[in-house]
Amino acid sequence: MSARRNLKPVRNNDRVTRSLRALERTASTSRVLNLLAIQATSGHRPEHSQHPLFRNRVLNNALIIKHRLRSDDIFLFDDVRPTATKIIIPFDRSDLGLGGQSFFVGQRGWDELLREACKDTTDMVRDAATLRMIDMLPSLDPFLLREHLRRHGMRVADCYFALSAADLDQMQGFVGFEISRLIELAYRDTGRASGAHAARLVEALLSTDVDERLEPLRETLVLEGESFKEGVFSWKGFLYYKWMLNNLWPRLSEISAEIGQLVIPGVRDTDTARYLDETRKRLQAGIMVERMAVQRTLKVYDDAFEDLIENGKPQAFRAFLLRAPEMFLSLGEKVGVISHISSYWRYRFPDGRPPTAQVEEAIDIFQDFESGLSVNLPG
């Protein structure tokens, strides 16, 4: 079967297209990397073209989505996976409502689909490798995306990652506070624990490379090579999520309540009214279930860390770091979904205004949110 027949059209009556159309002038979310918006806000900057995410100009104006696979998507893959990275190439960059073409990273024949969609017959090895790296991540959180690409030797301009210098400073402060007791433990035998060592260890944890600055920690945990490097990267992801969730939890509670208060004017038949009311309840319940699942995963880390610090037992934390890469993927998917719900809802319904949407848009938003939740609730 040719690549053309495998490229999926996304038309102007497609629910996903209508939902994404509202994102044309906004920043990305944890589930959507909006390269169109980045081009609009940063395309004039020299670094945008000097160090692009993708060298192919068509691909560098695409939308990248972390997509929960549906039953009609699964047959495209040789492996079993709950989510995939979806690429949407719009027909007209100025209007997503005109539709486009889409494919998944990793589906059968995707390299050929990539070349055809991007109208490029040249070597796209570098861009394909970048897509594979993005596909490895559970979400499109800017900090994790930036660190992951840098860790694999990819130099990409900072304008592609919507994490401000102030956000990065706040996260460094959070990490410093979180691991201050660990620093004393790691340097206890050397007698060199100090504020300077604390700053260096925080910097080391947040840097791209795992180097000799983390050697006391590696020795404490008795880990070697790639196991230590992968564990530290995933640990960094856990710390990032903990920092992000400090601000997300209050907003998520507000938004869950607003979903129940959304005003949907217009004539509706009984079935539509019932569907909307039932979907509101499912969404509110699903958000709560997802939140509890995130908290359970974070508690595994917190308990292991406390056992290391309070009891001086590295075994639990060592076991956590060995499991962290797998846990990080599951945690990232869940955090990405609830973060997307929070950021998109607040963009569409700013604070201080009663949330109001027409029937078609309300259905689009509800279906988009519900399709991302990993829980299956009765409907």
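## Salt bridges

In this predicted model, the count of salt bridges comes to 21. One of them joins Arg 151 to Glu 230, with the closest N and O atoms 2.6 Å apart. The contact links distant parts of the chain: Arg 151 belongs to helix H8 (residues 142-151) and Glu 230 to helix H12 (residues 225-261), the two residues being 79 residues apart. Arg 151 is partly exposed, because its relative accessibility of 24% falls between the limits of 20% and 50%. Glu 230 is likewise partly exposed, at 31% relative accessibility.

Arg 346 takes part in a salt bridge with Glu 258, where the closest N and O atoms are 3.0 Å apart. Because Arg 346 lies in helix H14 and Glu 258 in helix H12, this pair ties together parts of the chain that are 88 residues apart in sequence. Arg 346 has a relative accessible area of 17% and is therefore buried, the limit being under 20%. Glu 258 is buried too, with a relative accessible area of 16%.

Arg 346 also forms a salt bridge with Asp 351, the closest N and O atoms being 3.3 Å apart. Asp 351 has a relative accessibility of 54% and so counts as exposed, for which the cut-off is over 50%. Glu 254, Glu 258, Arg 346 and Asp 351 are linked in a network of salt bridges.

## Aromatic contacts

The model contains 18 aromatic pairs. In one of these, the ring centres of Tyr 301 and Phe 320 are 5.3 Å apart and the planes meet at 50°, so the pair is tilted. This pair also links distant parts of the chain, with Tyr 301 in helix H13 (residues 270-311) and Phe 320 in helix H14 (residues 314-348), 19 residues apart. Tyr 301 is buried at 0% relative accessibility, and Phe 320 is buried with a relative accessible area of 3%.

One aromatic cluster is formed by Phe 143, Phe 233, Tyr 240, Tyr 241, Trp 243 and Phe 328. Phe 233 has a further contact, in that the charged end of Arg 151 sits over its ring, 4.7 Å from the ring centre. Arg 151 is thus involved both in this contact with Phe 233 and in the salt bridge with Glu 230.

## Strand pairing

Strand E3 (residues 63-68) is mostly covered, with five of its six residues buried. E3 is joined to strand E2 (residues 32-34) by three bridges, and the two strands run antiparallel. Within this pairing, Asn 34 has Leu 63 of E3 as its bridge partner.

E3 is also joined to strand E4 (residues 83-90), through six bridges and again in an antiparallel arrangement. Ile 64 stands opposite Ile 87 of E4. In a regular strand, the side chains alternate between the two faces of the sheet.

## Cysteines

A disulfide is a covalent bond between the sulfur atoms of two cysteines. The structure holds zero disulfides, because no pair of cysteine sulfur atoms lies within 2.5 Å. Cys 118 is buried, with a relative accessible area of 2%. Cys 159 has a relative accessible area of 14% and is therefore buried as well, being under the 20% limit.

Technical notes
Residues are numbered from 1 along each chain as its sequence is written. This is a predicted model: local features need pLDDT of at least 70, side-chain atom pairs count only at pLDDT 80 or more; totals for chains, interfaces and linings use all residues. Side-chain values use heavy atoms; hydrogens and water are left out. Buried means under 20% relative accessible area, exposed over 50%, partly exposed in between (1.4 Å probe, protein chains only). Rings of Phe, Tyr and Trp (its six-membered ring) pair if their centres lie within 6.5 Å; planes under 30 degrees apart count as stacked, over 60 as edge-to-face and the rest as tilted. Helices (H or I, at least four residues) and strands (E, at least two) are DSSP runs, numbered from the N terminus. A charge sits over a ring if NZ of Lys or CZ of Arg is within 6 Å of the ring centre and within 35 degrees of the ring normal. A salt bridge is a side-chain nitrogen of Lys or Arg within 4 Å of a carboxyl oxygen of Asp or Glu. Two strands pair if DSSP finds at least two bridges between them.
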